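Biologist: I'm new to this one, so could you walk me through it while I throw questions at you?

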Amino acid sequence: MNATAPLSTTASAPRAVAVLYGIFFLSGFCGLIYESIWSHYLKLLLGHASYAQAVVLVVFVGGLAIGAWLTGRFSERLRHPVLLYAIVEAIVGVIAFLFQRIFEAASAWATTSFLPAYCGEPGACSASWLLAAALILPPSILLGTTFPLMSVGVMRMGVQPGRGLSLLYFLNSAGAALGVLGSGFLLIPTFGLPGTMLLAGSMNALVALAAFAAWSHSPKAPPMAVPAAAAAAAQQTPTQLRLLLLVACLTGLSSFIYEVVWIRMLTLVFGAATHSFELMLAPFILGLAFGAWWVRNRIESATQPLRLLGTIQVVMGVAAVATLPLYVSLYDAMAFLLRTLTRTEGSYTVFNLVLGLMAAAVMLPATFCAGMTLPLITAILLRRGDGERQVGQVYGINTFGAIAGVLLTVHVLIPSLGLKWSLAFGAAIDVVLGFALWRLAGRDASAPALSAGWRAGYATAGVAAAGLLVALPMAAPLGIDRMASGVFRTGKARFGADDFKVVFHRDGKTASITVLESQDGVRSLLTNGKPDGATHPQNRTPTPDDQTMVMLGALGPLHHPNARRAAVIGLGTGTSTSVLLESRALEAVDTIEIEPMMVEAARHFLPRTAAAFNDPRGRIIIDDARAHFSKAPGRYDLILSEPSNPWVSGVASLFTREFYEHIQRHLADDGVFLQWLHLYEASPQVVGSIVRALSTVFPEFTVYATNTLDVVIVARADRKPATISPEAFERQAGLRQRLREIGIDNLGMLSQHSAGPGSAIRMLADSYGAPPNSDYFPYVDNRAGRDRFQNVTARALFGLPDAPLPFLEFARGASPHAGATRQAGGFMPDAVRIAAAGSVVLRYLQGETLTPAQQAGLGGLAVELALVRGWRQTCALPNGTGLGWNAMIRTAAILPQGVKPADLTRFWEEFGARCRKNATPDQAAWLDLLTAVARRDAGAAREQGLRVLSLDRQLTPESREYATLATVSALIAMNERDQAASILGEQRRFLSAEQMEQPWMRYLVLVLSARAQNRPPAG
């Protein structure tokens, strides 16, 4: 009897073997779900920094390797491997059922006691390893035993080793690829992390039952017998065994070099969204599966398996490095795709399918080869007579190689060699292994000798392969103009040399960081091609990002002038930290940055950001924010959160309810928290989910619009309203100077940046139906990538100040800062620019001559303002209140925010007194309504609004919306809500769906709906 002919025949248990094949596919599906979810859980605790990712990888994959290796050591002593496999699957299922409770308890204990006690210094902490190991190492070891147990089990049922191993590897990998896509696109969005974990545990239970049934109905065979001659021959050639085990290790290492580099490279084309990573990982695993499938029937028939293995290694190395020219073309393909697709929900599905095909085109050729190696190496060793133990040994050492490959690539190769030469390094490993195997095969006396022609052919192939390893990377035009183009957002495959100059570009441990300089000297910081900040190093004309970064840094000390200790999440250009350090009261500022290369890049924004690097009160900590706060002793007076966009993989965990609870525990009792949010490439649902998550922890908050598409939320830990006192503003001379750089020269103008009452914004956020973003139900992480593709905006949540009249002030009273804004830059929020235009418009209407610059600033309103000015001067009012009257409505919408109520009231009273004799009853009612709005007189606005709505038969959609808003909001302010609901119900029949979706109209509907449901209204 030999190693390829077990005691029982295949025909003796065909049904049991078929069942085992089927459940191993399901086991692979569950295994990748566990890898994904356990990694997600641990990163919530340990963070997303490069060392934390290494912790997760080493513990999980290391556990797999240990489990496989241990099983290999003892497999020949196991009488019932399939039964043991069933028991392992059942135990894994039980762990899955309990994992959520275990993690929550461990997380609470770790963040409150364990990590603060054992992690004294910022940064990496060995205690994190212990915690991660305690949570997932035991189940990871169990999962590692499944492949060797199943492999030995089916071989003892009579399956040929080569075919059996290949089929099992194929089925398990195919299930894993499906698990990647299924968990990311379907299960986690539907069931959340706990529900997906329970589903996987249930599947493990079914697998265990099916495996037990298959074992019960199959013949029980002893370990495969090894003929004495084969065993003796194997002992005489230990070098071949060691070399093959080394090949198993190094091919695992090279394969994972490819995986890490390809994912980093494709991220520059696809973007770093979570779904993009899933679309990259699935083809990698699928390639392994297809390779195993292809080689299943060729292993047993191979007369020279060592030479075949060597050829596979050489082809794999060449195929890997040959992806570079193809990769370069993907930038153009992505640009074409974005130009072609409409940005709709349906197109997003097509977009993801094409991304998956692009990733497959890059990865499949080399991974197809990689999928053949493990079954082939194991079959060669079994044929040699090395015994069943080699199934686990090969799998285990291959997995150890994979760990080494990831760590080597992330921490050594990419930072030192860059992406394409790291890929070439991995390819060189495979090619050298192929050469070594060819040489070993030539010394094998049992193999047929090669003819001179074949020997020459192999030599030529070897020289050609070595040449390609050098030539292809050198020839591939992988320039920074492509890598930093952000094609996934811009739709442009490269930026022009005339547009930008490259100041800095390095491949860091977690991202590729670039600094570009435009022709006007503005420098932009990019992470994987995505802009993360832009400013002029010399404090020249402010950019939109300056508006955000300066305000974020200034608003903290202005709301908490006595703050002593502060933390900033995200270094970026360093502007926010530098502005924060203008507060002389601050004694310590910790800036937490996840990517070390970002620190080097930020130095290229000096001298503007010099304080972030030179002020002795500040320090830059390389760590993940969540991990830092878990370990940091003491509490902060200020915490500023300015991470990257939430669609970037991992970043959404900094916008969850649990993270805000985490933050609150690390704030002083009177501490202040500031959260930056972007409104571009984000839907009201996604931003609303973040607002809801924040408001569950900080129910009282103030929102400032920093430009047209960014906001900063300010909240206090003691749940008191966040306000700025005039005294605090005057005391902060340094902060006032930095605010003047972006055009804010007084407290009134800063207050003009208000995005509306927090209670009203919370009500609007609730109305979109998205749940509060959560660690365990990651709504934002699952939706944000789609929003980026569709290029939607969440401005509607913060658009109340853009209403055509100050309708909230009927109840709250006029803003004390009305009229404080005299000028505004082009990047300031619309409400601020309208306020700045208001005083100019009033002077113009009263007869003042405008400068050419002021005239140009009025834009398309100049003609309508000229009409109103003429009507006021001559009282020659238009005929009726039809379309021509819209000029009056639009003029009225500009004035309230920029003119003091007394001045505006005087203007409309004088207008009405002079021209009432020429006005129709409808026009007179309108003039009275505009006067009431100027006074913020709810009673008069109610009376005149009802009069306009009942008398005026020429209402346009625009004038009807104005009159309805004024009337209904006045009625609400007077607590006449039933009539307000009746009026709104009557008028909405004449208003378009677009008008009713405007934030001010949506808010009125919500307030009245809250009343109808006996809930207290917001606002």
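Biologist: Let's start with threonine 409: buried or exposed?

Modeller: Keep in mind that this is a predicted model. Threonine 409 is part of helix α12, which covers residues 389–417. Its relative accessible area is 0%, and because anything under 20% falls in that class, threonine 409 is buried.

Biologist: And which residues does threonine 409 touch, leaving out those up to four places away in sequence?

Modeller: Threonine 409 sits in helix α12, and some of its contacts come from residues with quite other numbers, among them Phe256 and Ile257. The full set is Phe256, Ile257, Val260, Val261, Ile414 and Pro415.

Biologist: Now aspartate 937: which residue, 127 residues apart from it along the chain, has its C-alpha atom at 6.3 Å?

Modeller: Aspartate 937 is in the loop between α35 and α36 (938–951). At 29% relative accessibility, it counts as partly exposed. Setting aside residues up to four places away in sequence, aspartate 937 touches Phe810 and Ala932. The one whose C-alpha atom is 6.3 Å away, 127 residues apart along the chain, is phenylalanine 810.

Biologist: On to pockets. What is the volume of the second largest pocket?

Modeller: Here's the idea: rolling a probe the size of a water molecule over the atoms shows where empty space is left. For the second largest pocket, the volume comes out at about 1,200 Å³.

Biologist: Which residues that line the second largest pocket are closest to its centre?

Modeller: The lining has 40 residues. Elements giving two or more residues to it are β10 (701–705), α26 (747–751), α27 (758–767) and α29 (809–812). Closest to the centre are Ser751, Ser754, Gly756, Pro757 and Arg812.

Biologist: How many residues of that lining are nonpolar?

Modeller: The lining of the second largest pocket divides into three classes. Five of its residues are charged and twelve are polar. The nonpolar ones number 23.

Biologist: Let's talk charges. How many salt bridges does a search of the whole structure find?

Modeller: Side chains of opposite charge can pair when their charged atoms come close. One such salt bridge joins arginine 482 and aspartate 332, at 3.3 Å from N to O. Searching the whole structure gives a total of 34.

Biologist: In that pair, which partner is buried?

Modeller: The two partners come from distant parts of the chain, 150 residues apart: arginine 482 in helix α15 (residues 480–483) and aspartate 332 in helix α10 (residues 323–340). Aspartate 332 has 39% relative accessibility and so counts as partly exposed. With a relative accessible area of 6%, the buried partner is arginine 482.

Biologist: Which residue forms a salt bridge with arginine 564?

Modeller: The closest N and O atoms of this pair are 3.6 Å apart. Arginine 564 is in the loop between α17 (544–559) and β5 (565–569), and its partner is in the loop between α18 (575–580) and β6 (588–593), so the bridge ties together parts 23 residues apart in sequence. Arginine 564 counts as partly exposed at 36% relative accessibility, while the partner counts as exposed at 54%. That partner is glutamate 587.

Biologist: How far apart are the closest N and O atoms in the salt bridge of arginine 916 and aspartate 928?

Modeller: Arginine 916 belongs to the loop between α34 (901–915) and α35 (921–935), and aspartate 928 to helix α35, twelve residues apart. Arginine 916 counts as partly exposed, at 36% relative accessibility. The closest N and O atoms are separated by 2.5 Å.

Biologist: Which cysteine forms a disulfide with cysteine 875?

Modeller: The count here comes to one disulfide. Cysteine 875 lies in the loop between α32 (862–874) and α33 (886–894) and its partner in helix α34, so the link ties together parts 40 residues apart in sequence. Cysteine 875 counts as buried at 7% relative accessibility, and the partner is buried too, at 0%. With the sulfur atoms 2.1 Å apart, the partner is cysteine 915.

Biologist: Last one: which cysteine has the sulfur nearest to that of cysteine 369?

Modeller: Cysteine 369 counts as buried, at 6% relative accessibility. A disulfide needs sulfur atoms within 2.5 Å, and for cysteine 369 the nearest cysteine sulfur is 19 Å away, leaving this residue in no disulfide. That nearest sulfur belongs to cysteine 249.

Notes: Residues are numbered from 1 along each chain as its sequence is written. This is a predicted model: local features need pLDDT of at least 70, side-chain atom pairs count only at pLDDT 80 or more; totals for chains, interfaces and linings use all residues. Side-chain values use heavy atoms; hydrogens and water are left out. On a 1 Å grid over the protein atoms alone, a cavity is a set of points where a 1.4 Å probe fits but cannot get out, and a pocket is an open set with protein on both sides within 12 Å along at least five of seven lines; lining residues have an atom within 4 Å of a point. Grid points are joined across faces, edges and corners, and a volume is the space filled by probe spheres set on the points. Helices (H or I, at least four residues) and strands (E, at least two) are DSSP runs, numbered from the N terminus. Ala, Val, Leu, Ile, Met, Phe, Trp, Tyr, Cys and Pro count as nonpolar, Asp, Glu, Lys and Arg as charged, and the others, Gly among them, as polar. A salt bridge is a side-chain nitrogen of Lys or Arg within 4 Å of a carboxyl oxygen of Asp or Glu. Buried means under 20% relative accessible area, exposed over 50%, partly exposed in between (1.4 Å probe, protein chains only). Contact means heavy atoms within 4.5 Å.
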